[in-house]
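User: Hey, could you walk me through this structure? I'm new to this, so plain words please.
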Number of protein chains: 2
Amino acid sequence: MYYGALEAGGTKMVCAIGDADKNIIDRISIPTGTPDQSVPAMIDYFKKYDISALGIGTFGPADINPNSPTYGSIMRSPKKAWEGFSLYKAFTDALGCLVVVDTDVNAAAWGEYLYGALKGLNSGMYLTVGTGIGGGIISDGRLIHGMEHPETGHILIPRRTGDDIPCTCRFHQSCVEGLASGPMLERRTGMKGKDIPADSPVWDLEAFYIAEALVNYTMCYSVERIVLGGGVMDNKFLFPMIRNYYTELLSGYIDMPQVKDTDTYIVPAGLEGNQGIIGAMNLF
Amino acid sequence: MYYGALEAGGTKMVCAIGDADKNIIDRISIPTGTPDQSVPAMIDYFKKYDISALGIGTFGPADINPNSPTYGSIMRSPKKAWEGFSLYKAFTDALGCLVVVDTDVNAAAWGEYLYGALKGLNSGMYLTVGTGIGGGIISDGRLIHGMEHPETGHILIPRRTGDDIPCTCRFHQSCVEGLASGPMLERRTGMKGKDIPADSPVWDLEAFYIAEALVNYTMCYSVERIVLGGGVMDNKFLFPMIRNYYTELLSGYIDMPQVKDTDTYIVPAGLEGNQGIIGAMNLF
């Protein structure tokens, strides 16, 4: 008996096979391209194993409401070829098995909750900071959904005095994604994110904005821990900087031991990049 | 068979008795004072009916974790006489019945979810805007708790250009409560909130800040509807102003029918001031 998992990302589609215990025994990566380019290859891959169920964590916004007629579809998206495409329908039709679709960050949060840095807690958050910023939240042992899904990267936050560079979000003037995502780092420095040296002053501002966001998530969700992943967070030197600003901005308002020990409150992913695919494997 | 409910507020304690169907058949209001002043009177009241259970919605911050040794206690508080006082212990010891404690805004959200403006939905939020600002959130039919409880009034939001009056929160420079609560309205105008005329320019700023907060709550919780209560929201002319700013600030990012119809997305309480006591009556 085999299970399938798909982590559908903006640049690549990671497909994995799990055994009866959902241990990953094989995986491939396929360039995202257009649906016509990548979906048939993914179907061929999953067909080889005759999987009994498929869990999908996808880039969004996506319709993840199982009662919706467009469940499992990509909604408005800069990837025009994917807009309106139903992952649920494509894989259900081709594979004839149970297919469950959630967002990439919800899958990652779920993976961290089951096997990673959020294991054993009752609540927690996974936030990815990369090309986009988004989060998945566990509350009382369950993922927060809603009418659509949280869009935590688009909360409005105060700009730091003196920072007046237009933010990269085309909807908002001062949201977390617009102020702190990879593209904004590039706009601020004129360099690709991976080329920005660790001593660049831009990291101080980056840590400040991420900390503002984390303070707001603590206020909104009262989560016991926040896991940070994504390409920007591969710069591990950001963690202590974020923790310091978090403490400064929270300003003692929340009087709980969890938030006072920022070394265990704001942490890297426990599954080291596999949180998304492991979470997807466990969505069903 | 009778049940009890207590809405513990900063100025008054509303106590109510419900029949076997939890219909409220009697209620009294006692000035909050100190615990020594008001608790014995409340106990006497509930004893008259030999209640089988008591639901309490209290001002906070409060310990609402049933597994905590200090469950049902008021935490740090400007009301020093109440700091550390355990509502749970006081009423359990005196009444010998089941006692359940949650926050005032969680109780109000629960009341609105069961019988008011959130009835029939799967998710929603109740936000009070008054002396303080705080909210209770229903997600997938359940209240969001966490390590403590949400403190939605203390999320950091952008100030509007030109507004540089120090905010009234002693912890933060730019949080919702600090910028938009009753005390800040008084600081801005030099008038008591109830004396500020409807044509004062302060209401435009007030609506702007509440709208910023609501955009953030939509992003964080993906709730299907937001109910606004509290003393400030008795100024019903604020609703259309908030709705207009909400649409402007959301800026089309969430492409869901719920948020496009702001008349049904941002609404007054359906239980018209009784949401807290009715919710408290239904916490057990």
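Analyst: Sure, one term to begin with: accessible areas come from the Shrake-Rupley method with a 1.4 Å probe, and for residues only the protein chains shown count as cover. With that, chain A exposes about 11100 Å², and carbon and sulfur atoms supply 51% of that area.

User: Anything I should know before I trust the numbers?
Analyst: This is a predicted model, so local features need pLDDT of at least 70 and side-chain atom pairs count only at pLDDT 80 or more, while totals for chains, interfaces and linings use all residues. Residues are numbered from 1 along each chain as its sequence is written, chains are lettered from A and ligands numbered from 1 in the order in which they are written, and side-chain values use heavy atoms, with hydrogens and water left out.

User: Cool. How many helices and strands does chain A have?
Analyst: Chain A has 10 helices and 10 strands. Those are DSSP runs numbered from the N terminus: helices are H or I with at least four residues, strands are E with at least two.

User: And how compact is chain A?
Analyst: As compact as a globular protein of that length, because its radius of gyration is 19 Å, close to the 19 Å that the globule rule gives for 284 residues. The radius is taken over C-alpha atoms, and the rule is 2.2 Å times the number of residues to the power 0.38. Along its principal axes, the C-alpha trace of chain A spans about 55 × 40 × 35 Å.

User: What share of chain A is buried?
Analyst: Buried residues make up 59% of the 284 residues in chain A. Buried means under 20% relative accessible area, exposed means over 50%, and partly exposed is in between (1.4 Å probe, protein chains only).

User: New topic: how do the two chains relate?
Analyst: Chain B lands on chain A after a rotation of 180° with 0.0 Å of shift along the axis, at an RMSD of 0.0 Å. The two copies are thus related as by a two-fold rotation axis. In chain B, the C-alpha nearest that axis belongs to B:Pro158, 2.0 Å from it. The superposition is by least squares on the C-alpha atoms of residues with pLDDT of at least 70 in both copies.

User: Why do you say the copies meet through the same surface?
Analyst: Because 100% of the interface residues of chain B are also interface residues in chain A. Contact here means heavy atoms within 4.5 Å.

User: B:Pro158 came up. Which residues does B:Phe208 touch?
Analyst: Leaving out residues up to four places away in sequence, B:Phe208 touches B:Pro158, B:Arg160, B:Tyr245 and B:Leu249. B:Phe208 sits in helix H6 (residues 202-221) of chain B and counts as buried, at 9% relative accessibility.

User: Any odd backbone bits?
Analyst: A few. The peptide bond from A:Gly60 to A:Pro61 is cis, with omega near -5°, and A:Pro61 is in the loop between strand E4 (53-58) and helix H2 (87-95) of chain A. In chain B, a cis peptide bond joins B:Gly60 and B:Pro61, with omega about 0°.

User: And what about A:Asp140, what is its phi?
Analyst: Positive, about 55°, although A:Asp140 is not a glycine. A:Asp140 is in the loop between strand E7 (133-139) and strand E8 (142-143) of chain A, and is partly exposed at 38% relative accessible area.

User: Is A:Glu272 buried or exposed?
Analyst: Exposed, at 72% relative accessibility. A:Glu272 has a positive phi of about 50° although it is not a glycine, and lies in the loop between strand E10 (266-268) and helix H10 (275-281) of chain A.
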